[in-house]
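The following account leads the reader through one protein chain, from its sheet to its core and then to its loops. Please keep the sequence and the model in view while reading.

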Amino acid sequence: TRYSANVGNGSATQIDVTHNLGTRDVVVQVREAASPYAQVLCDVEMLSTTQVRLRFAVAPTSNQYRVMVLA
């Protein structure tokens, strides 16, 4: 099971993603939403069984990154 979404708004360095997968045992990957689609490193916190938090050093621009959460 997985959840994917574009993230970034140009001002937030902390982004909460609601995946509703029902477990903290998830794998989270963040990549660029546009070519070359490189993987992006950020801090990830498993807040609950339905949410993860992404922390970036610099706020991503609008929909700059794509997050995928796998359960």
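**A buried histidine, a sheet and its loops**

The backbone nitrogen of Leu21 lies 3.0 Å from a polar atom of the His19 side chain. The structure discussed here is a predicted model. His19 itself belongs to the loop between β2 (14–18) and β3 (27–32). The side chain of His19 also reaches a second backbone nitrogen, that of Gln51, at 3.4 Å. Is His19 buried or exposed? With a relative accessible area of 4%, His19 is buried, because that value falls under the 20% limit. Apart from residues up to four places away in sequence, His19 touches Tyr3, Val26, Val69 and the residues Ser48, Thr49, Thr50, Gln51 and Val52.

Thr18 offers a useful companion to this site. Thr18 is found in strand β2 and is partly exposed, with a relative accessible area of 36%. The side chain of Thr18 makes a polar contact with the side chain of Gln51 at 3.1 Å. Gln51 is thus reached by the side chain of His19 through its backbone nitrogen and by Thr18 through its side chain. Leaving aside neighbours within four places in sequence, Thr18 is in contact with Tyr3, Thr50 and Gln51. A distance across the model may also be noted: the C-alpha atoms of Thr18 and Asp43 are separated by 16 Å, and the two residues are 25 apart along the chain.

We turn next to the sheet. Four strands form an open sheet in the order β1-β7-β3-β4, with antiparallel pairing. Its edge strands are β1 and β4 (39–40), each of which pairs on one side only. The antiparallel pairing of β3 with β4 extends over 2 bridges. Arg31 stands opposite Gln39 in β4.

The nonpolar core comes next. In soluble globular proteins, nonpolar side chains tend to be buried together. In this model the largest nonpolar core has 15 residues, and those touching the most other members are Val7, Val17, Val30, Leu54, Phe56 and Val67. Two or more residues come from each of β1 (2–7), β2, β6 (51–55) and β7 (65–70). Which element gives the most to this core? It is β7, with 3 residues. Val30 illustrates the packing: not counting residues up to four places away in sequence, Val30 touches Ala38, Gln39, Val40, Cys42, Leu54, Phe56, Tyr65, Arg66 and Val67.

Some backbone features in the loops deserve attention. Most residues other than glycine have a negative phi, and most peptide bonds are trans. Against that background, a cis peptide bond joins Ser35 and Pro36, with omega of about 15°. Pro36 is placed in the loop between β3 and β4. Tyr37 lies in the loop between β3 and β4 as well, and has a positive phi of about 60° although it is not a glycine. Tyr37 is partly exposed, with a relative accessible area of 48%.

A positive phi, of about 55°, is also found at Asn20, which is not a glycine. Asn20 is in the loop between β2 and β3, the loop that holds His19. Is Asn20 buried or exposed? Asn20 is exposed, because its relative accessible area of 57% is over the 50% limit. That loop therefore contains both the buried His19 and the exposed Asn20.

Notes: Residues numbered from 1 in each chain as written. Predicted model: local features only at pLDDT ≥ 70, side-chain atom pairs only at ≥ 80, totals over all residues. Heavy atoms only, no water. Buried < 20%, exposed > 50% of the residue type's maximum accessible area, 1.4 Å probe, protein only. Polar contact = N/O pair within 3.5 Å; in protein donor to acceptor, adjacent residues only side chain to side chain. Contact = heavy atoms within 4.5 Å. Core = buried A, V, L, I, M, F, W, Y, C linked by side-chain atoms within 4.5 Å. Pairing = 2+ DSSP bridges.
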